[in-house]
Amino acid sequence: PKNVGILGIDIYFPQRYVNQSELEQFDKVPSGKYTIGLGQENMAFVGDREDIVSMCMSSVHTLMSKYSISYDQIGRLEVGTETLIDKSKSIKSCLMTMFQEHGNTSIEGVDTINACYGGTNALFNSVQWVESSYWDGRRLALVVTGDIAVYSKGPARPTGGAGVITMLIGPNASIVMEPSLRGVHMENVYDFYKPHMDSEYPMVDGKLSIDCFIRALDISYHQYRKQFQNRHNQNFTIDEHADFVIFHTPYNRLVQKAFARLIYNDFLHSSKSRQKYQKYLQKFESLALSKESFGNVELDKASLEASKEEYKVKVLPSTLLSKQLGNSYCASTYASLLSLISTKASQLQGKRILVFSYGSGLASSFFSFSVDNNNNPKFSSESIRSLSSIPIRLQARIKSTPQKFISALELRENLSKRKELSYQPVDSIDHLLPGTFYLESIDKNAIRYYKLK
Ligand code: ACO
């Protein structure tokens, strides 16, 4: 099969959000801390009527109907998430309900768990399945990936969010995964993890997680460039070879810094980039990628300044959803991709999109997509843009007060901490749009029942 990649992509996000300026006031922190310091605008949240299964069902249901895909056309289904509701049963098996109703039970794949990286693993598996001898030459794969990101009270709380992306994977795609180009870095660190089985809140060392993110970026970017050199016999730089760069996005400010760090990497390894950025970065040359370069305020300032104009062109268009939803963990990288398509669909032809995916703990990869809408006009970037109708859907959301956001978190805490296995959700379903699945009840054997609104 040729041109294996993304045929379709859509997102399910909650209808309710809290505004970050209002949250600053409510939390009694200095004005600008969340909106400028973190670069966030709004944050999506759910109460106890939605869980990761209902959100995945809503996302799959939406993509299948928008793209008129029948349930027997799917031969692989992979889920990437870190929002666990069971230590054994996969979310994928819950999603099988929708397929078995249509007589299709021959579907490979289960869940992948590793912080925000599960979706990327699911995507790699699915692309590789289509490229392999095990593919049946006919059916397509679905990657379903996302999370409900919530933090305990404190500085991490405004970096929560929620959303689930579904991607349709197959040959003759317009968003083609570039073959043999992948930079990988994985290591064992405790920057963010979830050891408490009766709470959704992670243990997080914020500063360490940022250092890990940047270190993983340095190393996997180096690996990607090495692969690029092998394949194309050219020294990869953002300036010459990347039209757009998209990131896993814990919060927007970290994306600005991550892009600045890539420019600093280019300054260090390419003579052309050295010339271009020396005005800003010359005095940091001897620091290179040493420990002292991490969280270095002066270097951050200079590289942000050096990369400012390119950021506007190459990164800004992909930041729409993450600023509005917050961190959707596993969905985040692909929400950046959908944002880019949503804002720049008509300008993507022939372009390369460089991708950085990061999951704490840690797993990270650089890889890239090339866009060729001639491969399949039915699944072009323009059709993805128009079917996903992101701007209209964002506008139709409901703004909630910080107090309502806190009340919704309390409902989720009750659900996680309950002593009895059974549970009756109390949150209203009025705000849910038609076509949304929700949690109807949990019985005494912990079996969950869902309903379509
Ligand atoms: N106006 C403008 N900017 C402000 C203001 C203000 N009033 N107040 C603070 N800031 C700035 C700070 O200067 C800082 O900027 P800098 O990063 O450029 O130095 C920024 O806001 C953050 O403030 P800090 O005091 O440094 O950090 P804080 O204690 O608020 O915590 C953190 C931020 C660590 C990101 C926290 O929210 C967190 O732990 N989040 C979860 C972990 C995370 O997302 N990690 C990222 C990778 S792992 C993952 O994806 C989960």
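1. The UniProt record, in an unreviewed entry, lists residues 1-173 as "domain: Hydroxymethylglutaryl-coenzyme A synthase N-terminal"; such annotations may be inferred rather than shown by experiment, and positions follow the numbering used here, with feature names shortened. Residues are numbered from 1 along each chain as its sequence is written. Do keep in mind that this is a predicted model: local features need pLDDT of at least 70, side-chain atom pairs count only at pLDDT 80 or more, and totals for chains, interfaces and linings use all residues.

2. Across residues 1-173, helix makes up 30% of the chain and strand 25%, with the end C-alpha atoms 11 Å apart. Here helices (H or I, at least four residues) and strands (E, at least two) are DSSP runs, numbered from the N terminus.

3. Now for the sheet: nine strands form an open one with mixed pairing, in the order 5-4-6-7-1-8-13-12-11. Strand 5 (111-112) and strand 11 (244-247) are at the edges with a single partner strand each, so one side of each has no neighbour in the sheet. Two strands pair if DSSP finds at least two bridges between them.

4. Look next at strand 1 (residues 5-12) and strand 7 (residues 161-170), which pair in the antiparallel sense over seven bridges. I6 has I169 in strand 7 as its bridge partner.

5. Finally, helix 8 (residues 252-269) packs against helix 10 (residues 297-314) at an angle of about 95°, and their axes are 8 Å apart. Axes are lines fitted to C-alpha atoms, for helices over the stretch in contact, and angles run from 0 to 180 degrees between N-to-C directions. Helix 8 and helix 10 are therefore roughly perpendicular (65 to 115 degrees; under 35 is roughly parallel, over 145 roughly antiparallel, the rest oblique).
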